[in-house]
Amino acid sequence: MSEGGFYAVDYIANSFDPRPKPVPDGVFVELLMRRPQTEVDVAAVRKGVEEAKRYLPAVVWGGHFTGGRRRQGECQSSGLFCMDIDHIAQDPEGARRYYQDHFGGREDALGIVFAHVSPSGTGLHVVCLCQEGCQTIAQCQARLAAETHCEYDPVCKDMGRIFYLSTFNDLIYNDLFQ
């Protein structure tokens, strides 16, 4: 956690933003999700305009960059990881049901601090505390997947990876203040 008690993670305004900035608190993440432009861009993504995703705000859940640029070697761990679960539903409600079936009610035990339906509406982003005994994000993801019996995108294993936010209506769980 950072000095203020919040996890030291960065965000970018969109894919064209070369300079990551610190996320001050969990309320800020919700504000990014509530932006009218986020609603417009997510609606476009869900209509098949894949390019619209690049205009969405994104968070680097794995850490923050010390050099002011998105360079993997300059990323310091936040103690969090994000598991990207793709193509699990036909729509956001199906993704929510999947979350409830695999994670619901076990957030504390699993170390979940944040979860939302992905911008496509067919997947999930589940943000968790790194687990004791795991040395890498890949190990954390594999362990969580085994505990919850779900498949995930194993490519999303580097600390500096960005994860696009979705709309506030897609927020499932937010316990970032702990």
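Good morning. I shall begin with a single residue, His149, which counts as exposed because its relative accessibility is 67%, above the 50% that marks an exposed residue. His149 sits in the loop between H5 and strand E9, the latter covering residues 163–164. Its backbone deserves a remark: His149 has a positive phi of about 55°, although it is not a glycine. Most residues other than glycine have a negative phi.

A second histidine may be described in similar terms. His87 lies in the loop between E6 and H3. Its phi is positive as well, at about 50°, and His87 is not a glycine either. With a relative accessibility of 71%, His87 counts as exposed.

Please bear in mind that what we are viewing is a predicted model. Let me now turn to the protein as a whole.

The protein contains five helices and 10 strands. Its C-alpha trace spans about 35 × 35 × 25 Å along the principal axes. How does the radius of gyration of the protein agree with that of a compact globule? For 178 residues, a compact globule would have a value near 16 Å, and the protein has 15 Å, which agrees.

Contacts along the chain are also informative. Among contacts with a separation of 6 or more, 68% are between residues 24 or more positions apart. As for burial, 51% of the 178 residues count as buried. The accessible surface comes to about 8,600 Å², and 50% of that area belongs to carbon and sulfur atoms. Regarding charge, there are 17 positive and 24 negative charges, and their mean positions lie 6 Å apart.

I move next to the interior. In soluble globular proteins, nonpolar side chains tend to be buried together. Which residues have the most contacts inside the largest nonpolar core? They are Ile85, Tyr99, Phe103, Ile112, Leu124 and Val126, in a core of 23 residues. At least two residues of this core come from each of the following elements: strand E6 (80–85), helix H3 (92–102), strand E7 (112–117), strand E8 (124–129), helix H5 (137–148) and strand E10 (171–174). Helix H5 gives the most, with four residues. Apart from this core lies another, of 19 residues, which includes Leu32, Cys82, Val127 and Leu171.

Phe103 merits a closer look. Setting aside residues up to four places away in sequence, Phe103 touches Met83, Ile85, Leu110, Ile112, Leu124, Val126, Leu144, Thr148 and Cys150.

Finally, I should like to present two glutamines. Is Gln131 buried or exposed? Gln131 is buried, because its relative accessible area is 13%, under the 20% limit for burial. Gln131 lies in the loop between E8 and H5. Beyond its neighbours within four places in sequence, Gln131 is in contact with Phe81, Leu110, Cys140, Arg143 and Leu144. Leu110 and Leu144 also appear among the residues that Phe103 touches.

Gln100, by contrast, counts as partly exposed, at 47% relative accessibility. Gln100 lies in helix H3, an element that supplies at least two residues of the 23-residue core. Between the C-alpha atoms of Gln100 and Phe168 the separation is 18 Å, and these two residues are 68 residues apart along the chain.

To close, I return to the loops: His87 and His149 are exposed there, whereas Gln131, also in a loop, is buried. Thank you for your attention.

Key:
Residues numbered from 1 in each chain as written. Predicted model: local features only at pLDDT ≥ 70, side-chain atom pairs only at ≥ 80, totals over all residues. Heavy atoms only, no water. Rg over C-alpha atoms; globule rule 2.2 N^0.38 Å. Buried < 20%, exposed > 50% of the residue type's maximum accessible area, 1.4 Å probe, protein only. Contact = heavy atoms within 4.5 Å. Areas by Shrake-Rupley, 256 points an atom, 1.4 Å probe, with all protein chains shown as cover. Lys, Arg positive; Asp, Glu negative; His and termini not counted. Charge placed at Lys NZ, Arg CZ, Asp CG, Glu CD. Core = buried A, V, L, I, M, F, W, Y, C linked by side-chain atoms within 4.5 Å.
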